[in-house]
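User: I keep meeting terms like "salt bridge" and "buried", and I'd like to see how they get decided. Can you take me through some cases?

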Amino acid sequence: MEPAPNPRVGVAVFVLNSEGKFIVGKRKGSHGAGTWALPGGHLEYGESWETCAERETLEETNLKIRDVRYLTATNEVFEAERKHYITIFMGSVCEEGAQPEILEPEKCEAWEWVSWEELTTFGKAGGQFESRELFKPISSLFVQRPDFRV
């Protein structure tokens, strides 16, 4: 049997606007395709969490963020893909009126602003967002950190 791969570190970013909403994107082309996730990606060698959050957000959305700070972390195992991730959740703010752009159309098909309350209804029957499934790190956030709030 092939040995299990080593865990990787992902960074996910809550990018808040002046209305207290943050962006989520519909993933495509990689594990978690069709689910909704925050901007983010892999931590590169020697990179700080803050720098990774700024870089990934800019690469994916063209949004420049500030006040980048650590929020919490989760631990996910994607059994079917044989992937194990530690996800570092970061918080940030963007300029007033800034709008995300789809800069990696092979990885993301849409960006939307949502509130924390709206996010908590993704995938729940009878809710406005019941047809939307969350990417596993966000689902894990609700399970592993039930008292967490943005």
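Analyst: Here are some labels, each set against its definition. This is a predicted model, where local features need pLDDT of at least 70, side-chain atom pairs count only at pLDDT 80 or more, and totals for chains, interfaces and linings use all residues. Residues are numbered from 1 along each chain as its sequence is written, and side-chain values use heavy atoms, with hydrogens and water left out.

User: What makes Lys 26 and Glu 109 a salt bridge?

Analyst: A salt bridge needs a side-chain nitrogen of Lys or Arg within 4 Å of a carboxyl oxygen of Asp or Glu. For Lys 26 and Glu 109 the closest N and O atoms are 3.8 Å apart, so the pair qualifies.

User: Why is Lys 26 called partly exposed?

Analyst: Buried means under 20% relative accessible area, exposed means over 50%, and partly exposed is in between (1.4 Å probe, protein chains only). Lys 26 has 26%, so partly exposed it is. Glu 109 gets that label too, because its value is 42%.

User: What makes Phe 78 and Tyr 85 an edge-to-face pair?

Analyst: Rings of Phe, Tyr and Trp (its six-membered ring) pair if their centres lie within 6.5 Å; planes under 30 degrees apart are stacked, over 60 edge-to-face, and the rest tilted. Phe 78 and Tyr 85 are 6.0 Å centre to centre with 90 degrees between the planes, so they fit. Both Phe 78 and Tyr 85 are buried.

User: How do you know that the charge of Arg 55 has a partner in Glu 47?

Analyst: Their closest N and O atoms are 2.7 Å apart, so that's a salt bridge.
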